[in-house]
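Please find below a short reviewer's note on the interior of this protein. It is arranged as numbered points, to be read beside the structure.

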Amino acid sequence: MAGATGPKRQDTRKFFENLSGAGKCIAVLTSGGDAQGMNGAVRAVVRMGIYVGAKVYFIHEGYQGMVDGGDYIKEATWESVSSVLQVGGTVIGSARCKEFRSHEGRLKAAHNLVQRGITYLCVIGGDGSLTGANLFREEWSGLLNELIEQGLIDEEAARSHSRLHIVGMVGSIDNDFCGTDMTIGTDSALHRIIEVVDAIMTTAQSHQRTFVLEVMGRHCGYLALVSALACGADWVFIPEMPPEDGWEDNMCQKLSESRSRGSRLNIIIVAEGATDRQGQHITSDLVKKLVVSRLGFDTRVTILGHVQRGGTPSAFDRILASRMGVEAVLALLEASTDTPACVVSLVGNQAVRLPLMECVQMTQEVQKAMDEKKFDEAVRLRGRSFENNLSTYRLLASQTARSELQNTSFNVAVMNVGAPAAGMNAAVRSAVRVGITEGHKMFAVSDGFEGFYKGQIKEIKWGDVGGWTGQGGSLLGTKRTLPATHLDEIAEQMRIHNITALLVIGGFEAFESLLELHQARASYKEFCIPMCILPATISNNVPGTDHSLGADTSLNAIVETCDRIKQSASGTKRRVFIIETMGGYCGYLATVGGLAAGADTVYIYEEPFDIRDLQANVEHLTQKMKTSIQRGLVLRNENCNENFTTDFIYQLYSEEGRGVFDCRKNILGHMQQGGAPSPFDRNFGTKVAAKAIQWITRTLRESYKEGRVFTNSEDTACLLGMRRRAMVFQPVAQLREETDFVHRIPKEQWWLKLRPLMKILAKYKTSYDVSDAGQLEHVTRVRPKENHI
């Protein structure tokens, strides 16, 4: 790994002194329904466990394997989790186990663990699996006493295994576990749903059909709600918020209005657990019959079923699972006798540890609130992410401007600047529709600032952005031109069209553009209006945000291609692939793509490397390829080093690996920029644009004096970005200090903390900064959670 050897290596002593796994035995199992990404979590637990010196065991077939013992509990090796990252489901098997629910079953399980010295348990599953694990932990000392009485173990064995430590990771496609933003498998399930919706839309458009889609979610409407947001569905049914009485008339009226505005199709999404206010089940068939009988529309039902559980994990799920697997091992090693069983997860972009039973309790409270018909309470308990999704969906579903704002004289312009990025169109659609709902007149600017100074500005209506959510690229057109050389013409166009606010969706050029307009406020009163940027670039190189719109789609394209490239070598001799990614000087795509694809080495500009590092990397890979590992993956950011080019690295690896492996190289190019937006980017774009327009509305009200809008304060030219756990509006003038303008990257980048994790999973000795590891928190604390899907 670049920078992993030689004089640059950091001091690792603190890490090993505090967190040695020597003499400890960790077991990992998957339980309950399978979810894509579980294998990534298993791989990370195994490799991190071995890395810290612990023995790691697989427990095959979930709790059943723990009860049955024997060959179901096997020691894991580094190689045994090779090539599982891209595999869906769980390679160690999962089963629902009645026997573990009985005291006798748990007694057998305890005996099997003690026989192998296992006192650390990592459970990947849903709330039922995790509750079972906690009960097992609470009974542990009693079970040991029984085993002594039965003569199955001696007192010394009981003393040395006196405590069972448990950490959980939530693997569930439903995202139904409270206290966490995303559970492992949810993003991949959304990928499956959106793939189907995109395919259905083309056939529905051809025949002017209505499609009713039933998605999983017996008790939780997350998948239905987010897929409805991501595809712009006309109606959605979820268990947490049953429709008001009389919904049949309201839905049919909405579908009919949509057709009368020229739409050729309707999409209705139903969660399998949807009910009405009286608790009567709302099925997809019921909805179909209603549409056919009332409106006479040609209607079809598609039930997605177990397709949603299948397929390869998305990039997001692989990264989530890898980060959580490593975090789980850290949590186990740091556990003391009084540490409660915890779950590890991400909130926003940060790892957290939460007491397992607090999460389970809150999850059960949601169901209780639904049973008691306290639906607002159920939505609130689901967390801010769920609430925010629901409020955004409602905002976009209502086409009538709010009466008190109906007569605003505000004209808001929306534009794209820089290179195209997936999700831009979803953001434009959301901005336009929320702006109209807020009572503004919305204007679309074509071709960035080049179009602006040429006067390519026209009003854009509600119906003009129909069907934009799933479109890749930029339908408005986008250019890299900066405004500085055309300020007079741009100010003139603002006067002509009476533009009173500006929303810019784009990458680093959008950031630079807003800085230029902000600086020009002293000379041009036309620029003294609220202005906001939404960062949208595959490179994720804009300061002030952890995530840019488009980066997730690009990561998925990279990971999918890496999977195919690796598969192309199956059955041949040992092979190493050198792959070049985009990103300018920003190594985000290479690093995070490398983590998600299971790369051996990633070369980036931010972490300088020399010929000694290259030499060490080749030797490391050569040693690895002498084992049972067949394929190697090396990623290189396009601008990581002007002399160590992709060709140079390819030739070096080819020469040095001669006789052990052969090499191939691939330059991924613009395929990283194209394609339909991922569910994350569709949803993220929709939500951040809605939030930006609401900020613009507030700022317009505050700056409207004596019949005109005027504001020149720093905090009215902002960038809306995700910072760790929250979405934050930050003045662009303040972000200037955080920016390296020569290389077009932020001076500090959060994802660099993921590099040691990637090196560990690729078998390098490196330091891992545990100061950023999750601390045990309480689930009842109110946390900003509106920043994730």
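1. Which element supplies the largest share of the lining of the largest cavity? The answer is H11, with 4 residues. Please bear in mind throughout that the model is predicted.

2. The largest cavity deserves a fuller description. Its volume is about 190 Å³, and 18 residues line it. Those closest to its centre are Phe316, Ile319, His547, Tyr588 and Trp750. Besides H11, helix H19 (551–567) and helix H20 (588–597) each contribute at least two lining residues. By class, the lining of the largest cavity consists of 11 nonpolar, 5 polar and 2 charged residues.

3. In total, the structure contains 6 cavities of 30 Å³ or more. The second largest of the cavities encloses about 90 Å³. Its lining comprises 11 residues, and Asn175, Thr180, Tyr222, Arg382 and Phe386 are the closest to its centre. Here the division by class is 4 nonpolar, 3 polar and 4 charged residues.

4. A cavity should not be confused with a pocket, which is open. The second largest pocket holds about 870 Å³ of space. It is lined by 34 residues, of which Arg96, Gly126, Asp127, Gly128 and Asp176 lie closest to the centre. Two elements give two or more residues to this lining, namely helix H5 (127–149) and helix H12 (356–371). H5 gives the most, with 5 residues. The lining of this pocket includes 14 polar and 11 charged residues, together with 9 nonpolar ones.

5. The next point concerns packing. In soluble globular proteins, nonpolar side chains tend to be buried together. In this model, the largest nonpolar core has 186 residues, and the members that touch the most others are Met169, Ile269, Leu502 and Leu503. Helix H11 (residues 315–334) provides the largest share of this core, 13 residues. H11 also gives the largest share of the lining of the largest cavity, so a reader may wish to examine this helix in both settings.

6. What does Leu503 touch, leaving aside residues up to four places away in sequence? Its contacts are Ala413, Val414, Met415, Ala431, Cys532, Leu534, Ala692, Ile693 and Ile696.

7. Finally, there is a second core, separate from the largest one, with 41 residues. Among its members are Ala109, Ala133, Leu144 and Val360.

Technical notes: Residues are numbered from 1 along each chain as its sequence is written. This is a predicted model: local features need pLDDT of at least 70, side-chain atom pairs count only at pLDDT 80 or more; totals for chains, interfaces and linings use all residues. Side-chain values use heavy atoms; hydrogens and water are left out. A nonpolar core is a set of buried Ala, Val, Leu, Ile, Met, Phe, Trp, Tyr and Cys residues joined through side-chain atoms within 4.5 Å. Buried means under 20% relative accessible area, exposed over 50%, partly exposed in between (1.4 Å probe, protein chains only). Contact means heavy atoms within 4.5 Å. On a 1 Å grid over the protein atoms alone, a cavity is a set of points where a 1.4 Å probe fits but cannot get out, and a pocket is an open set with protein on both sides within 12 Å along at least five of seven lines; lining residues have an atom within 4 Å of a point. Grid points are joined across faces, edges and corners, and a volume is the space filled by probe spheres set on the points. Ala, Val, Leu, Ile, Met, Phe, Trp, Tyr, Cys and Pro count as nonpolar, Asp, Glu, Lys and Arg as charged, and the others, Gly among them, as polar.
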